[in-house]
Amino acid sequence: MGIENQEENPTYTVDEALVKMGFGKFQACVLAYAGMGMISEAMEMMLLSFVGPAVQSLWYLSPKQESLITSVVFAGMLVGAYSWGIMSDNYGRRKGFLVTAVVTSAAGFLSAFAPNYYFLIIFRCLVGLGLGGGPVLSSWFLEFIPAPSRGVWMVIFSAFWSVGTILEAALAWLIMPRKGWRWLLALSSLPSLLLLIFYRVTPESPRYLCLKGRTAEARHILEKIAIFNGTPLPSGDLVSDQERELETLSLITRSLDEDNETPEGTEEEEDSTSKALETENEHSTPEWKDSNIAGISALLMLLSPELIRSTLLLWVVFFGNAFLYYGLVLLTTELNNGHNNCAEKLQSEKSQDIDYKDVFITSFAEFPGLLLSAAIVDKLGRKLSMSALFFCCCTFLLPLLFQQSAGLTTGLLFGARICISGTFTIVYIYAPEIYPTSVRTTGVGVASSIGRIGGMACPLVAVALVHGCHQTAAIVLFEIVIFLSGIATLLFPLETKGRDLTESVASAKLIMH
């Protein structure tokens, strides 16, 4: 538990309190709320495949105009993921997801009343801006989970995305043929509205409050968790990780001074550690704790010597994941046509009606990926799990360099999608774990923004190659992206399985050393 000094009261950190209380009813309620946000994001993203073709025929849009409806959502998410991350790190997790829920629900509902194409573009861009706050909710939920069970519960949290895609496919199947796309847009905004309705009962992250020096408020929330879960809090005083590190360093120094057995080099190492913690405190108090830090300062902290390797590698993995995930979804029907039908496909300009039943059925394909990631994430660890799934995905796509039957092509793509769904799930567990609380949502938000670039680039590059009858080139491109992503996961400097979350950059440095 906490470090006990004979002359002082025992202390405990947020992590130690959460481990003792365990995952209970309180965390289940937090999961339900954060999961509703994930469902909202999935539904708003999934409906793009239904609304685009509908408004194209209604407003006689060109293919470029239709694709812009999707692109502006990703563009909005690109800006939102970074902006809301900065906001929640400075002003709190609750304020971060409150603003995102307001923007998403309002813009999503107003999209249903768009009088023309240009208004629809504006509203969908605003929806994307709101959806960019998804990492805020995931980080908020993560900060309530005990470290030993963090991996499994984050996988369960990710399952809400699959629930959202299935709900949207079912809703489109029921609504689109009868009521049309406007009703679909309006009804799809309801999950975001539910976030606003239940916002008043949501707690602030105790870890965030500790970081800001508001330990009394953090302890009050921990007491609520203990009452709700029916488990006791640890005895003693609540301290932040930084205070614990300074306390530990002080005890070690005192012990060495008393024994007069300070090894050569130990004093130099202690001075280095003390300076790191003091430097972090200088950044944290009062500027950081008073939330007066600018966005550029937060970005520079992500690129500090302690975090730059993790940050750059994470950007590569997020880009690769988004490029591959959205690419596989878009290419599933394209690759089934095969090389022999390519000429016919280019000559044919007939529009095909969407088979909502097929879309609904294929939405279930992600569940095996979730189950697989849940089974291995806490056994193999984050790094090995992601790299193994990336290389398995590479293996599934390799036969598609050559023409295959429609059935085999579908099976290979299904296997590849299982793998990429698993890596997507695990990277959203790993990303918040490698960053300290002071920049957690900023770091995940920026990485998510890089992923949005991958999502935007995929249709422009990979799908365009298939449309141009260059299937082999498209598959080679996918293989390169998958391989580089797999290598990047192996190069991460830290395995976070079972580790406590850190609060400061200095804490992260100590863990890596």
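**Exercise 1. What covers the buried residues of α9?**

*Solution.* This is a predicted model, in which local features need pLDDT of at least 70 and side-chain atom pairs count only at pLDDT 80 or more, while totals for chains, interfaces and linings use all residues. Residues are numbered from 1 along each chain as its sequence is written, and side-chain values use heavy atoms, with hydrogens and water left out.

Step 1. Identify the residues. Helix α9 spans residues 181-188, and its buried residues are Trp181, Leu184, Leu185, Ala186 and Ser188. Buried means under 20% relative accessible area, exposed over 50%, and partly exposed in between, with a 1.4 Å probe and protein chains only. Helices (H or I, at least four residues) and strands (E, at least two) are DSSP runs, numbered from the N terminus.

Step 2. Identify the cover. The elements over these residues include α2, α3 (48-59), α5, α6 (117-131), α8 (150-175) and α10 (190-197). Contact means heavy atoms within 4.5 Å.

**Exercise 2. Describe the protein chain as a whole.**

*Solution.* Step 1. The chain has 24 helices and two strands.

Step 2. Of its 513 residues, 54% are buried.

Step 3. Among contacts with a separation of 6 or more, 83% are accounted for by residues 24 or more positions apart.

Step 4. The chain exposes about 22,000 Å², and carbon and sulfur atoms supply 64% of that area. Accessible areas come from the Shrake-Rupley method with a 1.4 Å probe; for residues, only the protein chains shown count as cover.

**Exercise 3. Analyse the aromatic pairs of Tyr33.**

*Solution.* Step 1. State the rule. Rings of Phe, Tyr and Trp (its six-membered ring) pair if their centres lie within 6.5 Å; planes under 30 degrees apart count as stacked, over 60 as edge-to-face and the rest as tilted. The count by this rule is 20 aromatic pairs.

Step 2. Take Tyr33 with Phe97. Their ring centres are 5.6 Å apart and their planes stand at 55°, so the pair is tilted. Because Tyr33 lies in helix α2 (residues 25-46) and Phe97 in helix α5 (residues 93-111), the pair ties together parts that are 64 residues apart in sequence. Tyr33 has 10% relative accessibility and counts as buried; Phe97, at 1%, also counts as buried.

Step 3. Take Tyr33 with Trp140. Here the ring centres are 5.8 Å apart and the planes are at 75°, so the pair is edge-to-face. This pair links distant parts of the chain, with Tyr33 in helix α2 and Trp140 in helix α7 (residues 134-142), 107 residues apart. Trp140 is buried, as is Tyr33.

Step 4. Place the pairs in their setting. One aromatic cluster is formed by Phe26, Tyr33, Phe97, Trp140, Phe144, Tyr199 and Phe228. The charged end of Arg94 sits over the ring of Tyr199, 4.3 Å from its centre. For such a placement, NZ of Lys or CZ of Arg must be within 6 Å of the ring centre and within 35 degrees of the ring normal.

**Exercise 4. Which residues have the most contacts inside the largest nonpolar core?**

*Solution.* Step 1. A nonpolar core is a set of buried Ala, Val, Leu, Ile, Met, Phe, Trp, Tyr and Cys residues joined through side-chain atoms within 4.5 Å. The largest has 123 residues, and Met45, Leu222 and Leu314 have the most contacts inside it.

Step 2. Helix α21 (residues 406-434) gives the largest share of this core, 13 residues.

Step 3. Apart from neighbours within four places in sequence, Leu314 is in contact with Val427, Tyr430, Ala431, Ile434, Tyr435, Ala447 and Phe492.

Step 4. Pro432 is also placed in helix α21 and, at 0% relative accessibility, counts as buried. Pro432 and Ser138 are 294 residues apart in sequence, and their C-alpha atoms are 8.2 Å apart in space.

**Exercise 5. Is Glu44 buried or exposed?**

*Solution.* Step 1. Glu44 is in helix α2 and is buried, with a relative accessible area of 0%.

Step 2. Leaving aside neighbours within four places in sequence, the contacts of Glu44 are Thr104, Gly108, Arg124, Val127, Leu131, Ser188 and Ser189.

Step 3. The C-alpha atoms of Glu44 and Gly108 are separated by 7.9 Å, although the two residues are 64 residues apart along the chain.
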